[in-house]
Amino acid sequence: MAKASQIPHFKATFLHPKYWPFWIGLAFFRLLLLLPYPFLLKIGTGLGWIFSKLSIGKKRAKIVRRNLELCFPQKSESEREAILQKNLYSVGMGIIETGMAWFWSDNRIKKWSTASGIQHIKNHLDGGIILVGVHFLTLELGARIIGLHQPGIGVYRPNDNPVFDWIQYKGRIRSNKALLDRKDLRGMIRALREGNMIWYAPDHDYGRKNAVFVPFFAVPDAATTTGSYYLLKSVPNAHVVPFAPLRNNDGSGYHLSVSEPTAFPVLPDQKQLAIEMNQLVEQEILKGVDQYMWLHRRFKTRPNEDDPSRY
């Protein structure tokens, strides 16, 4: 778990005038979250539309378009463009969903969500569970929903803004036992050995260090973290359990599906394990392609530093 010295606490300095715009914005945001979910869905979609028209949105759209082109060359350009438009609109809703995850009551979360496959977690806690949290735009809400069914250990990156870091921590701890810095590999191993469930996201490009280059969809050499190997090497009885929290297309809320666990009684080498982890991630992404975080430059790290950028 996070050390006491690392846990963010409220400080009197947070009331300094330089933070007042943040507090005013937060107060407005929390008032907005009191609206019924159907209204929030319209507002979130509207924010996504506005985002798509701004210069930053257009820059991100280029990244989304390129990622889809690299991953799904078999799809037509019109099919990929349709996914792109839905994805950009989901970005706006992702902001609203983060607020829902951090500030909604347990009862309100339960009212607008359903879950299946929770037994895959409850039946395998004895060896520890590596909960593969694929980076959907609904990931904050997904973590809150799954925590209501089975609290675990969250993994996060502390924010540079101390006020936001405190708010973020308070929001994420609501349905988690504790939070760990994403760089705290020893803490993750300790939590697994104690029979806990840790949230783990191996699907982004975290750079060249501690990475191997293996296939991800149609890209043959995507930089993929070797952290999965070290976790399973240290806790060989741990089960890998992917899950997908998705927004229902009919506006009825969310459904969280937990996939069957994958065990590795014979641990493959780093490269083969990374291949298999990417395959698990792909299966989850395909459940809701338009809700995945394609805005991330997933293929920015090349096998050779002098290779041309894919972007």
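A pocket, as the word is used here, is an open set of grid points with protein on both sides within 12 Å along at least five of seven lines, and its lining residues have an atom within 4 Å of a point. The structure is a predicted model, and this briefing looks at its second largest pocket, which holds about 290 Å³ of space, and then at three helix pairs. Helix H4 (77–103) links several of these topics, since H4 gives the most residues to the lining of that pocket, meets residues of H3 and also meets residues of H7.

**The second largest pocket**

- The lining of the second largest pocket is made by Leu41, Thr45, Lys86, Tyr89, Ser90, Met93, Arg247, Asn248, Asn249, Asp290 and Gln291.
- Two elements, helix H2 (37–53) and helix H4 (77–103), each give two or more residues to this lining, and H4 gives the most, with four residues.
- By class, the lining residues of the second largest pocket comprise three nonpolar, five polar and three charged ones.

**H3 against H4**

- The axes of helix H3 (residues 55–71) and H4 come within 10 Å and cross at roughly 135°, which makes H3 oblique to H4.
- The handedness of the crossing between H3 and H4 is right-handed.
- On the H3 side the contact involves Ala61, Val64, Arg65, Leu68 and Glu69, and these meet Arg80, Glu81, Ile83, Leu84, Asn87 and Leu88 on the H4 side.
- Sorted by class, the residues of the contact of H3 with H4 are six nonpolar, one polar and four charged.

**H4 against H7**

- H4 also packs with helix H7 (residues 139–149), at an angle of about 25° and with the two axes 7 Å apart.
- Because angles under 35 degrees count as roughly parallel, H4 and H7 are roughly parallel to each other.
- Where H4 passes H7, the crossing is left-handed.
- From H4, the residues Glu97, Thr98, Met100, Ala101 and Trp102 meet Glu140, Leu141 and Arg144 of H7, and the residues of this contact divide into four nonpolar, one polar and three charged.

**H9 against H10**

- Helix H9 (residues 185–193) and helix H10 (residues 227–234) have axes 10 Å apart and pack at an angle of about 40°, and H9 and H10 are therefore oblique to each other.
- H9 passes H10 in a crossing that is right-handed.
- Leu185, Met188, Ile189, Leu192 and Arg193 of H9 make this contact together with Tyr230, Leu231 and Ser234 of H10.
- The classes in the contact of H9 with H10 are six nonpolar residues, one polar residue and one charged residue.

Note on methods
Residues are numbered from 1 along each chain as its sequence is written. This is a predicted model: local features need pLDDT of at least 70, side-chain atom pairs count only at pLDDT 80 or more; totals for chains, interfaces and linings use all residues. Side-chain values use heavy atoms; hydrogens and water are left out. On a 1 Å grid over the protein atoms alone, a cavity is a set of points where a 1.4 Å probe fits but cannot get out, and a pocket is an open set with protein on both sides within 12 Å along at least five of seven lines; lining residues have an atom within 4 Å of a point. Grid points are joined across faces, edges and corners, and a volume is the space filled by probe spheres set on the points. Ala, Val, Leu, Ile, Met, Phe, Trp, Tyr, Cys and Pro count as nonpolar, Asp, Glu, Lys and Arg as charged, and the others, Gly among them, as polar. Axes are lines fitted to C-alpha atoms, for helices over the stretch in contact, and angles run from 0 to 180 degrees between N-to-C directions. Angles under 35 degrees count as roughly parallel, over 145 as roughly antiparallel, 65 to 115 as roughly perpendicular and the rest as oblique. A crossing is left-handed if the near helix is turned anticlockwise from the far one by less than a right angle, and right-handed if clockwise. Contact means heavy atoms within 4.5 Å.
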